[in-house]
Amino acid sequence: MKNRGIMFALLALVTSPVCAATFSGAPRILDGNTIEIDKTNVRLSGIEAPETDQICLDAKGRKWACGVAARDELIKHSNGRTWDCHTQRVDEYRRALGNCFVEGENVNVWMVRSGWALSAAPSHAVYELAASTAHAGLWSGAFIAPWDWPRRNKGTIIVGAWSVPIDAQEVLLGSVLLSEPPSPECLIPPSA
């Protein structure tokens with residue numbers, strides 16, 4: 001019985017409206033899914049945008065800074081307008097998690113629908129399908145899913161346009177492939 005009371009108390013704490021808040025103002029765009037309004041970092045929930053250090057391949061197989069492009073497209077779309085963000089909770093990095101709106105338009109959905117972010121919520125999956133079908137944003141070429149970028153390795157799957165270049169994995173993993181330890185048979189003679 002005592003455990004049951006603790007469970008209800010924890011559930012009440014996690015779902016408490018104390019974590020819910022509304023922020024309004026012209027944001028400072030930090031990356032494709034994080035903004036700052038009045039010194040509060042807000043993480044757009046339900047989406048994953050590429051990190052600012054992430055690279056992708058364009059339709060011709062050339063590298064481009066897709067993380068920077070996603071951030072810059074969000075800046076252009078924002079165009080200095082006021083955002084209204086409704087947050088539900090805080091993530092492990094102490095960012096408020098929520099949905100943001102510009103003149104009534106859901107920015108989280110706009111990022112996925114425009115191809116600058118992937119869906120991390122079932123409610124956004126239809127927008128991701130539309131973006132991939134239209135070859136919009138990231139979907140114009142090949143890329144590593146943002147959630148795989150930090151831990152990319154030889155087993156990482158490359159996604160994107162219908163025709164992913166044959167060397168996409170080699171190009172996108174680049175330095176990761178080179179960072180593997182040398183063969184133990186390889187001996188470097190001591191310098192004299």
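**Figure 1. The β8–β9 hairpin of the predicted model.** Arg 89 stands opposite Leu 97 of strand β9. This pair belongs to the antiparallel arrangement of β8 with β9 (residues 96–102), which extends over seven bridges. Five residues lie between the two strands of the hairpin, and within the turn Arg 94 adopts a positive phi of about 70°.

**Figure 2. Pairing of strand β1 with strand β8.** Strand β1, formed by residues 21–25, runs antiparallel to β8, formed by residues 83–90, and five bridges link them. Thr 22 is placed opposite His 86 of β8. Strand β8 therefore has two antiparallel partners in these views, β1 and β9, under the criterion of at least two bridges for each pair. In general, side chains along a regular strand alternate between the two faces of the sheet.

**Figure 3. The environment of Thr 34.** Thr 34 belongs to strand β3, which spans residues 34–37. With a relative accessible area of 5%, Thr 34 falls under the 20% limit and is therefore classed as buried. The side chain of Thr 34 makes a polar contact of 3.4 Å with the side chain of Arg 95. Beyond four places in sequence, the contacts of Thr 34 are Ile 29, Val 42, Arg 43 and Arg 95.

**Figure 4. The largest nonpolar core, with Leu 74.** This core comprises 31 residues, and those with the most contacts inside it are Ile 35, Leu 74, Trp 83, Cys 85, Cys 100 and Met 111. At least two residues come from each of β3, β4 (40–44), α2 (66–78), β8, β9 and α3 (107–113). Once neighbours within four places in sequence are set aside, Leu 74 touches Ile 29, Asp 31, Gly 32, Leu 44, Trp 83, Val 107, Trp 110 and Met 111. Nonpolar side chains tend to be buried together in soluble globular proteins.

**Figure 5. The second nonpolar core.** Separate from the core of 31 residues, a second core contains eight residues, including Ile 144, Trp 149, Ile 158 and Leu 172. For the context of both cores, 40% of the 192 residues of the chain count as buried. The chain holds five helices and 13 strands. Among its contacts with a separation of 6 or more, 48% are between residues 24 or more positions apart. The chain exposes about 11,500 Å², of which carbon and sulfur atoms supply 58%.

Conventions:
Residues numbered from 1 in each chain as written. Predicted model: local features only at pLDDT ≥ 70, side-chain atom pairs only at ≥ 80, totals over all residues. Heavy atoms only, no water. Helix = DSSP H or I, 4+ residues; strand = E, 2+ residues; numbered from the N terminus. Buried < 20%, exposed > 50% of the residue type's maximum accessible area, 1.4 Å probe, protein only. Contact = heavy atoms within 4.5 Å. Areas by Shrake-Rupley, 256 points an atom, 1.4 Å probe, with all protein chains shown as cover. Polar contact = N/O pair within 3.5 Å; in protein donor to acceptor, adjacent residues only side chain to side chain. Core = buried A, V, L, I, M, F, W, Y, C linked by side-chain atoms within 4.5 Å.
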